[in-house]
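Reader: I am in my first year and I find it hard to read a whole model at once. Could you choose a single part, look at it closely, and then show me step by step what lies around it?

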Amino acid sequence: MKEFISLIGKFASEYIWLGKVADDILVESLLIYTVLQVCCAVGLHGVFAKMNAKKRWAAVPAANVAYLGDLCGCKLAGCVIALCKICALVAAEGVVRVYTIPLVDRDILAYHCGVTFILIVAILLLRTIAGCFLYRKLIRKFGLEGWWMFFFLLAPNLTTLFFGFNPDIRG
């Protein structure tokens, strides 16, 4: 198993983090992640207002999605997505740290890159599965058509922002 993780990490470290990617892309990915979380918070403020819920929960990172899950009747999926958001932030921080450490031993770097890569893939998969349950309930709560699920799974933070600002969508 350690060899498999090291092989994945070697590929990730040579071709993604150390090879063909620009130096600033990891920092930019953290910036994009932060902007998307702000979009989600602003959108959830509007969604909570439409649902006549406590709007102040929208300002609390990760807990806002757990509260949305509670409001939609899908508390477990909301908590899973909240935990995935926290883990994704920690994993992104780990990627930046691995990228910025001095290159001492390529095998150790490959192993750490492999663990981080597998962790990020698992987080995204788990978040997508939990999102299917949560966003399906949210769409039904607002009485909208099922094709909205495509947008929620493709870009959940931006779709939440649209839901919060669109006056045609009412709870």
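## Starting from one aromatic residue

Author: Phenylalanine 162 is part of helix H7, which covers residues 156-165. Before going further, please keep in mind that this is a predicted model, and that the numbers below are computed from it. Phenylalanine 162 is neither buried nor exposed but partly exposed, because its relative accessibility is 40%, and the limits for that middle class are 20% and 50%. A useful second point is its partner across the fold: the C-alpha atom of phenylalanine 162 is separated by 9.2 Å from that of cysteine 39, although the two residues are 123 residues apart along the chain.

To place this helix in the whole, consider the chain it belongs to. The protein chain has seven helices and zero strands, so its pattern, read along the sequence, is simply α-α-α-α-α-α-α. Of the 171 residues in the chain, buried ones make up 37%.

The next step is to ask where empty space is enclosed. Rolling a probe the size of a water molecule over the atoms shows where empty space is left. By the rule used here, one cavity of 30 Å³ or more is counted, and the largest cavity holds about 30 Å³ of space. Its lining consists of Cys40, Leu44, Val65, Leu68, Leu134, Tyr135 and Thr160. Helices H2 (25-50), H3 (63-72) and H5 (106-142) are the elements that each give two or more residues to this lining. By class, six of the lining residues are nonpolar and one is polar, while none is charged.

Two of those lining residues, Val65 and Leu68, lead us to H3. H3 is largely enclosed by the rest of the structure, because seven of its ten residues are buried. The buried residues of H3 are Asn64, Val65, Ala66, Tyr67, Leu68, Gly69 and Cys72, and Val65 and Leu68 thus appear both in this list and in the lining of the largest cavity. After H3 comes glycine 73, which has a positive phi, near 85°.

Going back along the chain from H3, we reach the loop between H2 and H3, where three residues deserve a careful look. Asparagine 52 lies in this loop, and its phi is positive, near 55°, in a residue that is not a glycine. Asparagine 52 counts as exposed, because its relative accessible area is 73%. Tryptophan 57 is placed in the loop between H2 and H3 as well, but here the relative accessible area is 33%, so tryptophan 57 is partly exposed. Tryptophan 57 is 16 residues away from alanine 41 in the sequence, and their C-alpha atoms are 8.8 Å apart in space. Alanine 62, also in the loop between H2 and H3, has a positive phi of about 70° although it is not a glycine. Alanine 62 is buried, because its relative accessibility is 11%, and the class of buried residues ends at 20%.

Alanine 62 also brings us to an open space. The second largest pocket has a volume of about 240 Å³, and of the 14 residues that line it, the closest to its centre are Tyr33, Gln37, Pro61, Ala62 and Leu89. H2 and helix H4 (75-100) are the elements that give two or more residues to this lining, and the largest share, six residues, comes from H2. By class, the lining of this pocket has ten nonpolar, three polar and one charged residues. H2 therefore has a part in two linings, since it gives two or more residues to the largest cavity and six to the second largest pocket.

Finally, we can turn to the outer surface and to H5, which we met in the lining of the largest cavity. Met1, Phe4, Phe117, Ile118 and Val121 make a nonpolar surface patch of about 490 Å², and H5 supplies the largest share of it, three residues. One member of this patch, isoleucine 118, is in helix H5. Isoleucine 118 counts as partly exposed, because its relative accessibility is 33%, just as phenylalanine 162, where we began, counts as partly exposed at 40%.

How values were computed:
Residues are numbered from 1 along each chain as its sequence is written. This is a predicted model: local features need pLDDT of at least 70, side-chain atom pairs count only at pLDDT 80 or more; totals for chains, interfaces and linings use all residues. Side-chain values use heavy atoms; hydrogens and water are left out. On a 1 Å grid over the protein atoms alone, a cavity is a set of points where a 1.4 Å probe fits but cannot get out, and a pocket is an open set with protein on both sides within 12 Å along at least five of seven lines; lining residues have an atom within 4 Å of a point. Grid points are joined across faces, edges and corners, and a volume is the space filled by probe spheres set on the points. Helices (H or I, at least four residues) and strands (E, at least two) are DSSP runs, numbered from the N terminus. Ala, Val, Leu, Ile, Met, Phe, Trp, Tyr, Cys and Pro count as nonpolar, Asp, Glu, Lys and Arg as charged, and the others, Gly among them, as polar. Patches are made of residues with over 30% relative accessible area and no salt bridge: like charges are joined within 9 Å, nonpolar side chains (Val, Leu, Ile, Met, Phe, Trp, Tyr) within 5 Å. Accessible areas come from the Shrake-Rupley method with a 1.4 Å probe; for residues, only the protein chains shown count as cover. A salt bridge is a side-chain nitrogen of Lys or Arg within 4 Å of a carboxyl oxygen of Asp or Glu. Buried means under 20% relative accessible area, exposed over 50%, partly exposed in between (1.4 Å probe, protein chains only).
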